[in-house]
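I opened this entry to keep track of what I looked up, element by element, and in what order.

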Amino acid sequence: MLDKIYTARGSPNIALIKYWGRRDDALNLPNNSSISMTLDDNLNTTTSIIFSDKIKSDAVYINGSRQDSGALMSEKLSFTISIINKMKELAGTKSNFLMVSKNSFPSDVGLASSASGAATLVYVANTALELKLPGKELSKIARQISGSACRSIFGGIVRWDRGLMPDGSDSFAEQIVPKEYWADLIDVIAITSQSKKKVPSSEGHKITVKTSPLYRNRPSFAEDGVKRSIDAIKKKDFDTLAELIMRDSNNMHATMLDSWPPIMYLNDVSREIINAVDGLNKAHGQNVAAYTFDAGPNAHIITLQKHSAEIKEALSKIPGVQNVMVSEMGSGPSISEERLISDEMLAANETA
Ligand code: DP6
């Protein structure tokens, strides 16, 4: 309904089998399918939006600051606005919008802020415009803003199918199992750096595909990892799943290092964490934890609730680990009662 403020809350996801490298850069069509786990809302994006004829011009505030418009607007933001405009066309309205969004965690440090931001925005716009599009369609829209965002449209464990069609119509995400299926699967996150990424992932995808000889084997390796991990998830076989997760992360980061110029997202602390998890698994005689890293040095340790305390203790002993957070699986975006758009903000953006 127009002229009403709607708010949604959504979360990032951590890829267990990663998306890296695209067959179409404009549509974010990947070379391989991927699997992720949506995190709970301790890490969240909250987004309020209103569509109204009274709004002077489209306005976007992220983490407290008005994003510059016109020439100064980032390419990503102007593309995001164009996607919202397409949703407006579908809904048959020309009203402008005011959007306010905030993350409960730092942006651009490899904690998938763009995934939760894009998924939450598409989700709330669908409600505010009364489009009633199903999750599959929302995931295709979110995918165009940021590939990994398509998986944050759903909760639990999610697969993004690479699809084969050139127009991306069969490249969407779907839930494999809800969070309740394997409720004791958790992500222990170790922050090793708060600095912004040196190479944005959208650039990294292109450099690796273009220059890494090792990458040629990556799509078939990852596709096989997707099949095998779904099987392990359905059987709740943690030992097998953990090996698939760690090998996939290592494989992706190997292709990044093999790129020219080389891309290095891991730091020395990340590597210490890999050694510590390896030692822990050896001591247990089976895999009790799996490390995985996205496009950043912060570690995600996938484990089971019963090992949480042991993993947290092991991580906190590693010099350079700044903070340890635990996230359970989440249920995906939902509409919330919170309002990030105050009356003053609304008045300032309305025509007199
Ligand atoms: C390493 O989704 O950030 O996190 O589609 O260009 O926005 P764009 O890329 P993005 O790529 C992130 C890839 C990854 C692995 C993953 O999440 O699957």
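I began with helix α1 (residues 75-91) and α2, whose axes come within 11 Å and cross at roughly 25°. An angle under 35 degrees counts as roughly parallel, so I noted α1 as roughly parallel to α2. The crossing of these two helices, α1 and α2, is right-handed. I should record here that the model is a predicted one.

I then listed the residues at this contact and found Thr 80, Ile 84 and Met 87 on the α1 side, meeting Leu 121, Val 122, Ala 125 and Asn 126 of α2. Sorted by character, the residues of the contact of α1 with α2 comprise 5 nonpolar and 2 polar, with no charged residue among them.

Next I followed α2 to helix α3 (residues 135-145), and here the packing angle is about 135°, with the two axes 9 Å apart. That value makes α2 oblique to α3, and I noted that α2 passes α3 in a right-handed crossing. From α2, the residues Ala 118, Ala 119, Val 122, Tyr 123 and Asn 126 meet Leu 138, Ile 141, Ala 142 and Ile 145 of α3. For the contact of α2 with α3 the division is 8 nonpolar, 1 polar and no charged.

Against which strands does α2 lie? I found that α2 (residues 113-128) lies across β1 (6-10), β6 (45-52), β9 (96-103) and β16, and that it runs at about 35° to β6.

That led me to the sheet itself, an open one of 6 strands in the order β8-β7-β9-β6-β1-β16, with mixed pairing. I marked β8 (65-66) and β16 (334-336) as the edge strands, each of which has a single partner strand, so one side of each is left without a neighbour in the sheet. At the β8 end, I looked up the pairing with strand β7 (residues 59-62), which is antiparallel and extends over 2 bridges; within that pairing, Tyr 61 stands opposite Arg 66 in β8.

My last entry concerns Leu 244, which has its place in helix α6 (residues 238-257). Is Leu 244 buried or exposed? Its relative accessible area is 15%, and because buried means under 20%, I entered Leu 244 as buried. Leaving aside residues up to four places away in sequence, Leu 244 touches Ile 17, Gly 225, Arg 228 and Ser 229. I also checked Leu 244 against Asp 224, 20 residues apart from it along the chain, and their C-alpha atoms are separated by 9.7 Å.

Conventions. Residues numbered from 1 in each chain as written. Predicted model: local features only at pLDDT ≥ 70, side-chain atom pairs only at ≥ 80, totals over all residues. Heavy atoms only, no water. Pairing = 2+ DSSP bridges. Helix = DSSP H or I, 4+ residues; strand = E, 2+ residues; numbered from the N terminus. Contact = heavy atoms within 4.5 Å. Axes fitted to C-alpha atoms, helices over the stretch in contact; angles between N-to-C directions. Parallel < 35°, antiparallel > 145°, perpendicular 65-115°, else oblique. Left-handed = near helix turned anticlockwise from the far one by under 90°. Nonpolar A, V, L, I, M, F, W, Y, C, P; charged D, E, K, R; others polar. Buried < 20%, exposed > 50% of the residue type's maximum accessible area, 1.4 Å probe, protein only.
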